[in-house]
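Visitor: Hey, can you walk me through this one?
Guide: Sure, take a look.

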Amino acid sequence: MDTNEFSFKGFKANGFLMLFANFVLILACVALLIFFSQLSVWIIVIAVIGLVKSFFIWAGFFELEPNEARLMVFFGKYKGTFRETGFYWVNPFITKKKLSMRSRNLDVKPIKVNDKAGNPIMIGLVLIWKLSDTYKAMFDIDSQTMASTNPASGTSAVGIQTVSSRMNAFENFVKVQSDAALRQVAGQYAYDDNESEGDSITLRGGGEEINHRLVAELNNRLSMAGIEISEARLNYLAYAPEIAAVMLRRQQATAVIAAREKIVEGAVSMVKMALDKIEKEDIVKFDKTDKARMVANLLVVLCADEAAQPVINAGN
């Protein structure tokens with residue numbers, strides 16, 4: 001995958017060592033002002049310059065935890081991505097934009113889409129995402145402007161960017177693209193076997209195939225933003241309310257038909273078994289008319305919803 005990201009190659013120092021050196025510098029400057037300022041004006045100038053320099057040194061300290069990164073920008077120029085964990089010091093004039101590389105989950109609320117057959121359905125998913133390319137995430141999409149704007153109120157807070165605001169901006173980007181991907185994938189499959197053709201995959205029975213298709217579609221859409229989807233699964237699937245009742249009746253009718261087919265299949269086999277056994281044991285002789293009448297009576301008894309009511313011929 002093409003990327004412009006590279007590791008930070010500039011000067012870096014151990015944070016604790018620089019912290020000790022900065023304290024020594026401050027103490028030395030204070031000592032010059034207290035004990036030697038009367039000797040020369042230049043001593044005062046040197047001490048003041050040292051104190052001012054110490055304030056700049058403070059801006060160079062930063063710490064990094066596992067699965068975090070710092071994007072190094074020097075007056076608008078990308079200088080690399082810092083990923084080493086620990087406490088460090090770098091050039092205080094370098095802007096260190098903090099990003100989290102940890103995995104996050106997103107619950108996409110159910111949305112109304114049309115399946116392959118045109119039926120309106122409600123479908124939702126849950127996914128796990130993380131940043132994989134810091135350069136694309138910060139510079140290929142307008143994440144910094146999104147992070148500087150309050151999504152709830154739309155008010156601008158330019159210059160105020162925290163790692164939380166940046167990650168929320170990425171999450172909003174993922175949410176919009178996941179809606180689009182969900183509509184795209186749902187429109188390629190039928191809801192269930194009643195609308196599908198042959199043995200084609202359906203949303204209801206596709207299982208892992210649908211999930212893999214979602215992951216591929218999402219990664220294709222989010223690769224431009226340096227975001228990787230590790231897992232995506234449907235967590236809600238139902239007919240839209242306006243057709244849910246009709247589809248329920250159709251499903252019930254389908255179930256009744258399937259049950260009837262099973263009952264008739266069993267009844268026919270039982271009738272055949274009964275006729276074969278009667279003829280084999282020579283219990284009674286049947287002509288074609290008697291066989292047809294017996295078959296009809298047995299099928300009525302075996303296929304009826306209610307218990308049979310026997311009628312006994314007591315003669316005239």
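Guide: We'll chat about cores, a surface patch and some loop residues.

Guide: This is a predicted model, where local features need pLDDT of at least 70, side-chain atom pairs count only at pLDDT 80 or more, and totals for chains, interfaces and linings use all residues. Residues are numbered from 1 along each chain as its sequence is written, and side-chain values use heavy atoms, leaving out hydrogens and water.

Visitor: How many residues does the largest nonpolar core have?
Guide: That core has 40 residues, and Leu125, Trp129 and Phe170 are among those with the most contacts inside it. A nonpolar core is a set of buried Ala, Val, Leu, Ile, Met, Phe, Trp, Tyr and Cys residues joined through side-chain atoms within 4.5 Å. Buried means under 20% relative accessible area, exposed over 50%, partly exposed in between (1.4 Å probe, protein chains only).

Visitor: And which element gives the most to this core?
Guide: H5 does, with 8 residues. Helices (H or I, at least four residues) and strands (E, at least two) are DSSP runs, numbered from the N terminus.

Visitor: Is there a second core, and what does that one include?
Guide: A separate core of 8 residues includes Phe8, Phe62, Tyr88 and Val90.

Visitor: New topic: is isoleucine 34 buried or exposed?
Guide: Isoleucine 34 sits in helix H1, and it counts as exposed because its relative accessibility is 54%.

Visitor: What about phenylalanine 75, where is that found?
Guide: Phenylalanine 75 is in the loop between S3 and strand S4 (77-82). Its phi is positive, about 50 degrees, although it is not a glycine. Phenylalanine 75 is also exposed, with a relative accessible area of 65%.
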